[in-house]
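Visitor: Please pick one part of this model and walk me through it up close. I'd rather have one connected story than a list.

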Amino acid sequence: MTASMAEVYENTRKLVGVVHPRVLGRIERRDLERFCAATGASIASPGRAGPDSGRPLVAHPLYLTAVLGWRPGPANEELRPDGTEVLDIDAIPLSGLRLMGGGQDLELHADVTEGMTVRSEFSLEDVEIKEGRSGSLLLLHVLRQYWDDQGTLLVTCRETLMAR
Amino acid sequence: MPLDPATVRAGDSFGPWLVTPTEVQLFRFSAVTWNAHRIHYDLPHASAEGYPGILVQSHLHGCFLAQAVLAWGGPGSRLLRFSWQNRDVAVPGDRLACTGTVTGVSWLDGSVRVAWELEERDQNGRLCAPGTALLEVGDGQRQDG
């Protein structure tokens, strides 16, 4: 039985401030190139280290925060009917709710380059419950930060996710 | 054209930087970001959800705005801060126009930092994604956008 929105809100609120660390893995050149190909960007950000520069390839500035899944992912039959999976907020009890992103606010502290091993931390900064025209929804204010294997902070990402 | 920081002032603008996303682009972006949400590739599903077509991904809107302002900055430019919000949907075939207006210019350690307000609008003028950016232009070069 699906929990009511009020129950989900109460359960989620208990997790505000809890930090969830994760190792995302090694940044592969091929993945950076594919991301740029898909977005229509230059192979590297304009003017940054390009494929012929002899320096590590620099990722598109949205690469880290746009990739939704860093693990192999669930089996097809474990996806929700709309194709989504519960991603890095799997510690938050949102099962049954649809999750939508509405944009991001990024601080880009340092370049993300091929060969780095990146780790991240995710935490819920706040949660609100709102009454909209189509019913209740939760607003999840989340913080994600990413570091390289030397401990250099790469990106700080804040965003508000809507769950209904 | 070389960037003369003295000529970059609040109120200056660039654009439109134009892009028309395609079904293939949406598929490839879903693949590379490991995003299996059906609204981005399954037209009957997207229609059942009430959308006019499969939807340009939230982050792809952000990528377009980022690429537009980086194209203005040219070689050596780097985003220090960047934000966008998804206000309205876009579908393959929409002609999206990204524009930017300078809100501030500052110098730090020999680099010029240009603050921008950004907009991505479709061919009907609907605002799909507003944004902001702080762009560092380090080597004094830019391209006309």
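Guide: Let's start with a cut-off: two residues are in contact if their C-beta atoms, placed from the backbone, lie within 7 Å. Also keep in mind that what you're looking at is a predicted model. The part I'd zoom in on is the side of chain B that faces its partner. By that cut-off, 33 residues of chain B are in contact with 29 residues of chain A. On chain B's side, α1 (23–32), α3 and β2 (77–85) each supply at least two residues. The most comes from α3(B), with ten residues. Sort the residues on this side of chain B by character and you get 15 nonpolar, 15 polar and three charged.

So let's stay with α3(B) for a bit. The helix covers residues 58–73, which makes 16 residues, and at 1.5 Å a residue they should span 22 Å. The C-alpha atoms at its two ends sit 23 Å apart, so the expected span and the model agree. All the way along, this helix is covered: 16 of its 16 residues are buried. Right after the helix comes Gly74(B), which has a positive phi, near 70°.

The same helix turns up again when you look at nonpolar packing. The largest nonpolar core has 61 residues, and Leu65(B) and Val69(B) have the most contacts inside it. α3(B) contributes the largest share of that core, ten residues. Pick Val69(B) and look past its neighbours within four places in sequence: it is in contact with Gly100(B), Trp116(B), Leu118(B), Ala133(B) and Leu135(B). There is also a second, separate core of nine residues, and its members include Leu97(A), Leu124(A), Leu140(A) and Ala163(A).

Two of the contacts of Val69(B) lead to the strands of chain B. Gly100(B) and Trp116(B) are both on the list, and Trp116(B) is in β4(B), where it stands opposite Val102(B). The strands involved are β3(B), residues 96–108, which also pairs with β1(B), and β4(B), residues 111–121. β3(B) and β4(B) run antiparallel and share eleven bridges. They form a hairpin with two residues between the strands, and there Asp109(B) takes a positive phi near 55°. β3(B) also pairs with β1(B), residues 13–19, through five bridges, again antiparallel. In that pairing, Leu18(B) stands opposite Ala97(B).

Now back to the boundary between the chains, this time at β2(B). This strand pairs with β3(A), residues 103–108, through five bridges, and the two run antiparallel. Two of the matched pairs are easy to find. Gly103(A) stands opposite Gln85(B), and Glu107(A) has Arg81(B) as its bridge partner.

Follow β3(A) away from chain B and you come to β6(A): these two strands are antiparallel as well, with four bridges between them. Glu107(A) takes part here too, standing opposite Thr156(A) in β6(A). So far as pairing goes, then, Glu107(A) has a partner in β2(B) and another in β6(A).

A little further along β6(A), which covers residues 153–163, you reach Thr160(A). It has 18 C-beta neighbours inside 10 Å, so it counts as partly exposed. Beyond its neighbours within four places in sequence, Thr160(A) is in contact with Gly102(A), Leu139(A), Leu140(A) and His141(A). Leu140(A) is also a member of that second core. For a sense of scale, the C-alpha atoms of Thr160(A) and Gly25(A) are 25 Å apart, with their positions 135 residues apart along the chain.

Zooming out, here's how this part fits into the chains. Chain B has three helices and five strands, in the order β-α-α-α-β-β-β-β from the N terminus. Its C-alpha atoms fill a box of roughly 55 × 30 × 20 Å along the principal axes. Of its 145 residues, 46% are buried. Chain A has three helices and six strands, in the order α-β-α-α-β-β-β-β-β, and 29% of its 164 residues count as buried. Among contacts with a separation of 6 or more, those between residues 24 or more positions apart make up 70% in chain B and 68% in chain A.

How values were computed
Residues numbered from 1 in each chain as written. Chains lettered and ligands numbered in written order. Predicted model: local features only at pLDDT ≥ 70, side-chain atom pairs only at ≥ 80, totals over all residues. Expected span 1.5 Å × (residues − 1). Buried ≥ 20, exposed ≤ 12 C-beta atoms within 10 Å, placed from the backbone. Pairing = 2+ DSSP bridges. Nonpolar A, V, L, I, M, F, W, Y, C, P; charged D, E, K, R; others polar. Core = buried A, V, L, I, M, F, W, Y, C linked by C-beta atoms within 7 Å.
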